Amino acid sequence: MHSRSPQLHRHQQTLWQDLTLAASPKVDQLDNIKTHLDLVLLALEALVGIGSDAILKTAKDLGLESEISDRVGLWRLRQSNPLRKSSGGRKKLDVEEARSLVLIICCLAQQHQELIRRAVTLLEQMVQDDRPLYQVALLGDYLDNFSNIYQERMGENAAISSAELESLACKFLIDLLFYSAANGHRRLWLALIG
């Protein structure tokens, strides 16, 4: 356990202990973890408009500010996603930071669960009726935001077609619904290490 533990509430300690690893992740697994966490945050950003302030406030509320303390540290963490445009600010993500991001993401998803659920319900209806997702303002805005942020931040090695981008955005929207559940942190952790 980390030296931060006395600051964590008992509930946070329990959540933290849920996020264990049998062995240290290999380099390619860490790259996948970095990418996945950054894309989940991107989806949250695109849907609910969270920014670094909300992420840092949540880190503080959860007693995780020793892992994620300021904008620069957060930016460097997110830049560790290998798909991002190179900026020279890359940082190696460690397991403690990954755990912290998992708890922050799930806390934010829980705070916006109603909106996430509404968006997923609309997505299911549109797919079932075989109608374009952009016909619904909430989904259209989300897809536009996701696409714009993705294209702005990711490098050429991450370039994908607009259909693939829409599919990726929908996948992460559905994932957010699972991560907003009471055991969302475990689901996200298992998705990362699986």
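A nonpolar core is taken here as a set of buried Ala, Val, Leu, Ile, Met, Phe, Trp, Tyr and Cys residues joined through side-chain atoms within 4.5 Å, where buried means under 20% relative accessible area, exposed over 50%, and partly exposed in between (1.4 Å probe, protein chains only). The structure is a predicted model, in which local features need pLDDT of at least 70 and side-chain atom pairs count only at pLDDT 80 or more, whereas totals for chains, interfaces and linings use all residues. Residues are numbered from 1 along each chain as its sequence is written, and side-chain values use heavy atoms, with hydrogens and water left out.

In the largest nonpolar core, which holds 60 residues, L37, L47, Y142, F146, Y150 and L188 touch the most other members. Two or more residues are given to this core by each of α2, α3, α4, α5, α6, α7, α8 and α9, and the most come from α2, with twelve residues. In soluble globular proteins, nonpolar side chains tend to be buried together. With neighbours within four places in sequence left aside, Y142 is in contact (heavy atoms within 4.5 Å) with A43, A46, L47, A169, F172 and L173.

The secondary structure of the chain comprises nine helices and zero strands, helices (H or I, at least four residues) and strands (E, at least two) being DSSP runs numbered from the N terminus. Along the sequence the pattern is accordingly written α-α-α-α-α-α-α-α-α. The chain has 194 residues, of which 47% count as buried. Of the contacts between residues at least 6 apart in sequence, 70% join residues at least 24 apart. The exposed area of the chain is about 9900 Å², with 50% of it supplied by carbon and sulfur atoms, as obtained by the Shrake-Rupley method with a 1.4 Å probe, where for residues only the protein chains shown count as cover.

Ten salt bridges are present in the structure, a salt bridge being a side-chain nitrogen of Lys or Arg within 4 Å of a carboxyl oxygen of Asp or Glu. Side chains of opposite charge can pair when their charged atoms come close. A network of salt bridges links D38, E45, R78, R84 and R153. Within this network, R78 and E45 meet through their side chains at 3.0 Å, N to O; because R78 lies in helix α4 (residues 71-79) and E45 in helix α2 (residues 27-48), the pair ties together parts that are 33 residues apart in sequence. Both partners are buried, R78 with a relative accessible area of 10% and E45 at 14% relative accessibility. E45 also forms a salt bridge with R153, with the closest N and O atoms 2.7 Å apart; since E45 is in helix α2 and R153 in helix α7 (residues 137-153), this pair ties together parts that are 108 residues apart in sequence.

The side chain of R78 further makes a polar contact with the side chain of D38 at 2.7 Å, a polar contact being a pair of N or O atoms within 3.5 Å, of which, within protein, one must be able to donate a hydrogen and the other to accept it, with residues adjacent in sequence counted only if both atoms are side-chain atoms. Apart from neighbours within four places in sequence, R78 is in contact with D38, L41, L42, E45, I55, R84 and R153. In α4, the residues L74, L77, R78 and Q79 are buried, and their cover includes α2, α3, α5 (95-111) and α7. The N-terminal end of α4 is capped by D70, a side-chain oxygen of which lies 3.3 Å from the backbone nitrogen of V72.

A further salt bridge joins the side chains of D61 and K57 (2.8 Å, N to O). D61 and K57 are separated by about one helical turn, because the two are four residues apart in helix α3 (residues 52-61). D61 is partly exposed at 41% relative accessibility, whereas K57 is exposed at 52%.

Two loop positions were also examined. D130, in the loop between α6 (113-128) and α7, has a positive phi of about 55 degrees although it is not a glycine, and D130 counts as exposed at 71% relative accessibility. S180, in the loop between α8 (162-179) and α9 (184-193), is buried, with a relative accessible area of 2%. Beyond its neighbours within four places in sequence, S180 is in contact with A109, Q110, Q113 and I116.
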